[in-house]
Amino acid sequence: MNNFRQEPDLPATFGVVDLFAGPGGLGEGFASLVEDGHAPFRIGISVEKEASAHRTLTLRAFLREYQARHDTLPDQFIDFHAGQIPEPDWSAVDAEAWRMAIDEARGLELGTEAAAAAIDGAIAKLRRDFDDTILIGGPPCQAYSLVGRARSRGKRGYVPEEDERHYLFREYIRVLDRLRPAAFVMENVKGMLSSTVESRLVFEMLMEDLSSLGTGHGHLYELRAIRVADGKASLQEAGQPSDFIVRAEEFGVPQRRHRVIIIGIRSDLASGASRASIDLSGTSRTVADVIGNLPALRSGLSRGHDSAAAWRDTVVEAATFLAGNHRGTDDAPLRNAFSALAKDLKAVVPQPRMSTALPDGYGTGNDGLLRWLERPELCGIAQHETRGHMASDLGRYMFAAVFGETRNYSPKAADFPLALSPDHRNWHSGAFNDRFRVQLANEASSTVTSHISKDGHYFIHPDPRQCRSLTVREAARLQTFPDDYLFLGNRTQQYVQVGNAVPPILAQQIARLVFKNLNQDSDIDYSISGMEDAGEA
């Protein structure tokens with residue numbers, strides 16, 4: 001085991017092992033933290049088996065290394081990001097940075113001998129190169145999430161005890177026992193708290209495994225939950241499993257994303273853990289804060305001829321119908337809103353379906369969150385392109401968006417006009433109450449999930465004039481991925497990567513809290529009020 005801060009006059013640097021890394025949201029948060037000019041966390045190895053996410057992870061590792069060497073993004077990336085050139089050969093751009101990137105980001109399946117050997121080799125190197133280590137990550141969500149469990153129960157012959165995903169957390173435990181890091185961060189979905197296998201709660205099994213480390217010599221780790229009270233976040237002992245639930249919106253993420261996060265501090269470093277805290281005052285953010293300045297777009301028509309004129313005819317017809325549908329009712333605000341929308345849509349030229357145009361004042365503002373998202377070196381916005389939708393769904397999207405603007409909440413199935421009811425026998429049963437959900441501009445969004453890759457029904461843009469679902473870039477901004485974070489693979493794979501990730505701003509604040517817990521004698525100001533220092537990352 002390493003001795004923390006072996007040279008007291010120098011800031012400690014921790015080597016990070018990132019398991020089940022996805023596209024790298026959790027690792028990005030740790031790697032981006034800068035305190036008093038020092039980056040305390042350096043990723044040593046990140047592991048992800050899904051090919052497109054691994055490509056994203058590798059490119060990000062390359063850019064991180066390139067920027068460390070040159071203090072700028074490579075010109076080739078800026079052009080590729082803007083869609084001006086095909087993806088370059090990154091090894092030709094900077095051979096050494098690319099070599100280090102492919103050594104860091106590993107496309108391996110955890111639980112296999114190949115992955116174990118690679119991780120064990122990386123552990124030996126981390127012990128040589130860094131003062132101490134940190135382990136981060138979390139097992140795949142599918143086997144624990146309520147939706148995933150319901151879907152699995154529908155599979156013929158599905159036996160939960162035989163689903164290896166239930167046991168992948170034990171590979172995390174194996175690495176934890178082998179690495180013995182200064183701290184670890186384990187993230188998963190809320191459904192993990194109620195998931196059972198072999199008639200036992202998965203969470204209980206996990207906690208037993210974590211607690212068993214170091215048995216015979218005292219517990220190796222003190223387990224902590226992130227508590228938020230009086231505008232501050234701190235690490236405290238949990239009284240019940242629900243104490244481990246972290247609400248991302250409390251940390252300035254414009255999204256109501258609730259996840260289980262367990263933090264372990266090695267016992268020899270945990271004496272002051274409960275006293276450390278970070279300031280969260282002034283961090284509440286909304287959908288409009290992060291996507292409101294992106295270029296307006298129209299959706300496409302997925303069936304028949306798609307053109308700007310055809311789209312305008314479709315949405316004008318929908319708005320006119322909805323205005324008439326509410327005529328004679330006592331709901332004048334909705335009727336007037338649809339009438340005004342029909343006139344607006346007739347009078348203007350429809351927006352394009354994609355745009356790379358940078359918003360006015362891009363990268364020059366004082367807002368801390370926008371300084372984190374907007375990267376001045378870029379010459380365009382990437383992955384801001386709409387999907388096509390059926391004409392009938394455009395009417396539902398329009399109704400939901402206007403309803404949200406007028407009533408300040410997203411409509412339920414019973415609120416939709418009968419003429420907009422989808423051809424589904426369960427539509428009026430209550431089972432699909434939230435089948436179409438608009439993200440309200442002046443609130444945090446609902447949880448961005450991988451389901452956004454299937455359709456846009458749960459992720460309707462708040463502006464009825466655009467009448468569409470969210471783009472990959474808009475979803476990424478709600479997840480607080482910076483604009484230079486490029487997701488590789490096809491669009492479906494990009495949506496899945498975004499939906500499965502940990503918001504980097506949340507991860508950065510967890511990293512800051514962990515670092516402060518390990519640096520009780522430091523005089524650094526760790527305040528994140530308004531995320532004023534986010535742009536330093």
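1. Two strands are said to pair if DSSP finds at least two bridges between them. In this predicted model, strand 8 (residues 221–229) and strand 11 (residues 258–266) run antiparallel and are joined by 4 bridges. Within that pairing, isoleucine 263 of strand 11 is the bridge partner of arginine 224.

2. Strand 8 also pairs in the antiparallel sense with strand 9 (residues 232–236), here over 5 bridges, and isoleucine 226 stands opposite leucine 235 of strand 9. The hairpin that these two strands form has 2 residues between them, and aspartate 230 in this hairpin takes a positive phi near 55°.

3. Ile226 and Ile263, met above in the strand pairings, are among the residues with the most contacts inside the largest nonpolar core, which has 78 residues; Phe30, Phe41, Phe62, Ile134 and Ile510 are also listed there. Helix 17 (residues 504–517) supplies the largest share of this core, namely 8 residues. Apart from it lies another core, of 40 residues, which includes Leu193, Val197, Val202 and Leu210.

4. Phenylalanine 30 deserves a separate entry: leaving aside residues up to four places away in sequence, its contacts are Phe41, Ile134, Ile136, Val185, Ala507, Ile510 and Ala511.

5. For the protein chain as a whole, the assignment gives 17 helices and 14 strands, and 55% of its 537 residues count as buried. Among contacts with a separation of 6 or more, 74% are between residues 24 or more positions apart. The exposed area of the chain is about 22,500 Å², of which carbon and sulfur atoms supply 47%.

Notes: Residues numbered from 1 in each chain as written. Predicted model: local features only at pLDDT ≥ 70, side-chain atom pairs only at ≥ 80, totals over all residues. Heavy atoms only, no water. Buried < 20%, exposed > 50% of the residue type's maximum accessible area, 1.4 Å probe, protein only. Contact = heavy atoms within 4.5 Å. Areas by Shrake-Rupley, 256 points an atom, 1.4 Å probe, with all protein chains shown as cover. Core = buried A, V, L, I, M, F, W, Y, C linked by side-chain atoms within 4.5 Å.
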